[in-house]
Amino acid sequence: MADARRNLLLTIAYDGTCYAGWQRQQNAPTVQQTLEERLAVITGGPVLLHGAGRTDAGVHAHGMTAHFHTDSRVPVAGLLRGVNSMLPPDIRLIAARDVAASFHARFDALGKTYVYQLLWDEVMPPHLRLYWAHYRPLAHLPAMRECLAMLVGSHDFSTFEAAGSRDPAAAGRGAVRTIHAAAIAQVDSCRAVVEISGDGFLRHMVRNIVGTLAEVGQGRMSVADFAGVLRGRDRSLAGATAPPGGLFLKRVHYPQSPL
């Protein structure tokens, strides 16, 4: 039976450095728990957030989404102001809106966009250490660009899959995911950003892709090697998992905001 209560969709930004990921855990601080506790104060009742997905410990977000049902009639503007005034400075509600009672932040999502930030200067500037991954040297960006182009389309991404990554709701498609766009853009002489959009991602998939791309960028793996790694469907062939701090969930895509 459908929930007849009001349904609110939130867009959330956070610095994941001090959290054990998005999902509520018993013995560690998480973004979900922190938000639910503040939302409960504003709405006057318990809140259960349903996120568009999960982010791991140390991973950040510009545009995580989550929905919850509530009997509260607090106006959206008031909810935003009230919750943000109570949140720690590393979490903020960016937007909130009423959606249909049947809307689900995860099941109605068409896909996601992630960005990963790379830095290869001689020394890691201290103020960037939590948000940029330090890979040095990283001299072969054109080769990395070629490798990213190979990812576009539907592929079995077993090579880049961490154990336990399969969502039971999507188990029927195995490790096959469709990547809509994958690119790397140089920011300055020693920084670049990888951006990948797709209909879904396996656990650590983006970080494992970036860790393997770094092998190419450092000249330890060729473009042809990368192609073989993708085809191999064997995690042991790929590079090490890139650090969590360089990864940001940029956006969750829904039918009204197509890829």
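Buried here means under 20% relative accessible area. By that cut-off L247 is buried, because its relative accessible area is 7%. Keep this in mind for the views below, which all come from a predicted model.

**View 1. The whole protein, before zooming in.**
The protein's secondary structure adds up to 5 helices and 10 strands. Its C-alpha atoms fit in a box of roughly 55 × 45 × 35 Å along the principal axes. How does the radius of gyration fit with a compact globule? For 259 residues such a globule would come out near 18 Å, and the protein has 19 Å, so the two agree. Of those 259 residues, 51% count as buried. Take the contacts between residues at least 6 apart in sequence: 72% of them join residues at least 24 apart. On the outside, the accessible surface is about 11900 Å², and carbon and sulfur atoms account for 54% of that. As for charge, there are 26 positive and 21 negative ones, and their mean positions sit 3 Å apart.

**View 2. L247 in strand β10.**
Strand β10 covers residues 247–253, and L247 is part of it. What does L247 touch, once its neighbours within four places in sequence are set aside? The list is V59, H60, Y114, V115, Y116, V206 and R207. For a sense of distance, V210 is 37 residues away from L247 along the chain, and their C-alpha atoms are separated by 9.7 Å.

**View 3. T65 and its polar partner.**
Here we are in strand β3, where T65 has its place. Is T65 buried or exposed? It is buried, because its relative accessible area is 4%. The side chain of T65 makes a polar contact of 2.7 Å with the side chain of Y254. Y254 also turns up among the residues that T65 touches beyond four places in sequence, along with L9, L10, T11, H50, G51, A52, A105 and V252.

**View 4. E36, a buried residue in helix α1.**
E36 belongs to helix α1. With a relative accessibility of 5%, E36 counts as buried. Which side chain does the side chain of E36 meet in a polar contact? That would be R24, at 2.7 Å. Leaving out neighbours within four places in sequence, the contacts of E36 are R24, V47, L48 and L49.

**View 5. G44, in the loop after α1.**
Follow the chain on from α1 (31–43) and you reach the loop that leads to β2 (50–51), where G44 sits. G44 counts as exposed, because its relative accessibility is 69%. F68 is 24 residues from G44 along the chain, with 14 Å between their C-alpha atoms.

**View 6. The buried residues of helix α2.**
Helix α2 runs over residues 76–86, and its buried residues include L79, L80, G82, V83 and N84. What do the buried residues of α2 pack against? They pack against β1 (6–14), α1, β3 (60–70) and β4 (91–99).

**View 7. Three spots with backbone geometry to look at.**
Most residues other than glycine have a negative phi, and most peptide bonds are trans. The bond from R136 to P137 is cis, with omega near -10°. P137 sits in the loop between β6 (133–134) and α3 (141–151). Next comes H204, which is not a glycine but has a positive phi of about 65°. You'll find H204 in the loop between β9 (191–198) and α4 (205–217). R233 is not a glycine either, and its phi is positive too, at about 55°. The loop that holds R233 links α5 (223–232) to β10. Is R233 buried or exposed? R233 is exposed, because its relative accessible area is 55%.

**View 8. V152, between α3 and β7.**
V152 has its place in the loop that joins α3 to β7 (153–156). At 38% relative accessibility, V152 counts as partly exposed. Which residues does V152 touch, not counting those up to four places away in sequence? They are I179, H180, A181 and A182. V152 and Y19 are 133 residues apart in sequence, and from C-alpha to C-alpha they are 32 Å apart in space.

Note on methods. Residues numbered from 1 in each chain as written. Predicted model: local features only at pLDDT ≥ 70, side-chain atom pairs only at ≥ 80, totals over all residues. Heavy atoms only, no water. Helix = DSSP H or I, 4+ residues; strand = E, 2+ residues; numbered from the N terminus. Rg over C-alpha atoms; globule rule 2.2 N^0.38 Å. Buried < 20%, exposed > 50% of the residue type's maximum accessible area, 1.4 Å probe, protein only. Contact = heavy atoms within 4.5 Å. Areas by Shrake-Rupley, 256 points an atom, 1.4 Å probe, with all protein chains shown as cover. Lys, Arg positive; Asp, Glu negative; His and termini not counted. Charge placed at Lys NZ, Arg CZ, Asp CG, Glu CD. Polar contact = N/O pair within 3.5 Å; in protein donor to acceptor, adjacent residues only side chain to side chain.
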